[in-house]
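Work through the exercises below with the structure open beside you. Try each task before you read its solution.

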2 protein chains.
Amino acid sequence: MSQQLFEHLNRFVQISKGDFKDIIEFFEVKKVEKKEVLARAGTLCNSIFFVEKGCLRMYFISEKGIEQTIQFALENWWMTDDLAYTERNPSDFYIQAVENAQVLSISYDQQERLLHTFPQLEKYFRRVYQIAYGSSIRKMKYLNSFSKEEIYFHFTAHFPEFAQRVPQYLIASFLGLTPEYVSEIRAKKRS
Amino acid sequence: MSQQLFEHLNRFVQISKGDFKDIIEFFEVKKVEKKEVLARAGTLCNSIFFVEKGCLRMYFISEKGIEQTIQFALENWWMTDDLAYTERNPSDFYIQAVENAQVLSISYDQQERLLHTFPQLEKYFRRVYQIAYGSSIRKMKYLNSFSKEEIYFHFTAHFPEFAQRVPQYLIASFLGLTPEYVSEIRAKKRS
DNA sequence: CGATTTTTTGAATCATATCAACGTACGTGG
DNA sequence: CCACGTACGTTGATATGATTCAAAAAATCG
């Protein structure tokens with residue numbers, strides 16, 4: 001029984017305790033340690049993860065061999081490489097725990113069965129994805145309208161929980177700055 | 001009767017001709033001319049648009065007064081400011097026709113009614129948004145891994161239909177380059 | 001405490017922006 | 001169908017934000 005997921009479902013659709021008992025059966029609870037990898041680039045992306053506790057990040061390794069973070073998931077967020085997942089293709093991305101975490105994991109086939117059994121959940125996921133898509137468009141807006149310095153301070157001001165929980169160099173990589181430059185602008189601001 | 005939308009729905013869910021007759025009633029056909037604006041920043045974003053023919057773009061006006069394009073929609077794409085739309089907030093973005101276009105438009109309330117009447121469509125939109133979200137993550141990957149020059153040539157190589165239909169300075173703005181720089185790297189490549 | 005991870009510093013360099021001006025093309029009305 | 005005006009693309013000179021590299025300092029963790 002995951003109180004977390006139950007509440008999150010009920011933010012968008014109405015699910016009874018009884019139905020939820022059956023729904024949760026489709027999932028597997030996974031405890032992962034900091035730095036543990038949940039999914040690998042180059043392999044089939046066959047699961048979606050719901051974060052109950054902790055923090056995940058999605059990243060890829062650039063041609064220069066640098067890890068580039070492109071998404072985080074804190075509590076109540078879903079994470080997977082959605083394009084690879086829907087198209088049944090090998091993923092471009094790694095998914096790794098930034099902190100010790102507990103996630104619910106569901107495989108592609110199980111999710112299909114779940115949605116078939118509880119079609120109300122289509123609405124839930126439709127909304128979740130609509131918000132996720134909208135947010136990523138919003139992120140692009142910030143990336144295009146501000147200087148790197150502004151992007152960094154805008155982000156840490158708007159999402160202080162990240163600045164506290166996630167190392168600075170990961171935030172840098174998520175926002176497309178080098179860690180050195182983050183250091184520099186923070187020093188500049190202090191003085 | 002929109003053959004376009006009918007076929008697009010049937011890529012993801014099964015809709016009979018009969019049901020589609022009722023579904024299409026929820027929409028309004030809009031013909032828009034090149035440069036015509038369909039939605040304005042600062043106003044409630046109350047419609048979703050499905051492009052039957054032509055091309056739309058979504059943009060905002062930066063603090064420096066520059067129009068920044070952040071999304072295009074060609075045939076069979078949906079477009080709106082999804083975050084503003086779901087949250088019933090004023091939008092950050094303008095939506096404008098890049099070419100003469102024909103779109104199907106549906107209001108928030110109408111879409112709610114539509115989804116209530118035809119719950120199968122929740123699956124359709126879930127998939128559309130999942131793909132849209134996945135694609136926007138993919139775009140971020142490119143933005144973070146390549147130089148501006150690589151981004152430009154990667155994009156025009158992968159999506160030649162845009163390079164043909166859309167003015168260069170809009171592609172520049174979509175990818176986060178200045179038009180001058182695009183000129184420069186194209187000249188460099190020619191020689 | 002030592003070992004690893006994360007952050008900082010500084011100097012040199014480069015990719016890309018900015019500004020201003022000019023060239024070209026296209027489509028609209030006369 | 002020409003001509004004019006606006007929209008689009010190019011060029012070059014200059015400026016700068018941000019990266020790169022190398023190394024040291026600081027923080028965290030077992």
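Two exercises follow on this predicted model.

**Exercise 1. Describe the protein surface near DNA strand D.**

Solution.

Step 1. Find the residues. There are 17 around DNA strand D, and those that come nearest are A:K148, A:Y181, B:Q168, B:Y169 and B:S183.

Step 2. Sort them by class. The surface near DNA strand D has eight charged, five polar and four nonpolar residues.

Step 3. Ask which part of the DNA is met. Take the atoms of DNA strand D within 4 Å of the protein: 74% belong to sugar or phosphate, and the rest to bases.

Step 4. Look for polar contacts with phosphate oxygens. A polar side-chain atom of B:Y169 lies 2.6 Å from one on DNA strand D. For B:S183 the distance is 2.7 Å. For an N or O atom in the side chain of A:Y181 it is 2.9 Å.

Step 5. Place the surface on the helices. Chain A offers α6 (148–158) and α9 (179–190), while chain B offers α8 (168–175) and α9 (179–190); these elements each give two or more residues. The most come from α9(B), with five residues.

**Exercise 2. Work out how chain A and chain B are related.**

Solution.

Step 1. Recall the general rule. A rotation about an axis and a shift along it relate two copies of a chain.

Step 2. Superpose them. A turn of 180° and a shift of 0.0 Å along the axis lay chain A on chain B, with an RMSD of 0.0 Å.

Step 3. Conclude. The two copies are therefore related as by a two-fold rotation axis.

Step 4. Locate the axis. In chain A, A:R126 comes closest to the rotation axis, with its C-alpha at 2.0 Å.

Step 5. Check the interface. Of the interface residues of chain A, 100% are also interface residues in chain B, so the copies meet through the same surface.

Definitions and conventions:
Residues are numbered from 1 along each chain as its sequence is written. Chains are lettered from A and ligands numbered from 1 in the order in which they are written. This is a predicted model: local features need pLDDT of at least 70, side-chain atom pairs count only at pLDDT 80 or more; totals for chains, interfaces and linings use all residues. Side-chain values use heavy atoms; hydrogens and water are left out. A residue is near a molecule or strand if one of its heavy atoms lies within 4 Å of it. A polar contact is a pair of N or O atoms within 3.5 Å; within protein, one must be able to donate a hydrogen and the other to accept it, and residues adjacent in sequence count only if both atoms are side-chain atoms. Helices (H or I, at least four residues) and strands (E, at least two) are DSSP runs, numbered from the N terminus. Ala, Val, Leu, Ile, Met, Phe, Trp, Tyr, Cys and Pro count as nonpolar, Asp, Glu, Lys and Arg as charged, and the others, Gly among them, as polar. Copies are superposed by least squares on the C-alpha atoms of residues with pLDDT of at least 70 in both. Contact means heavy atoms within 4.5 Å.
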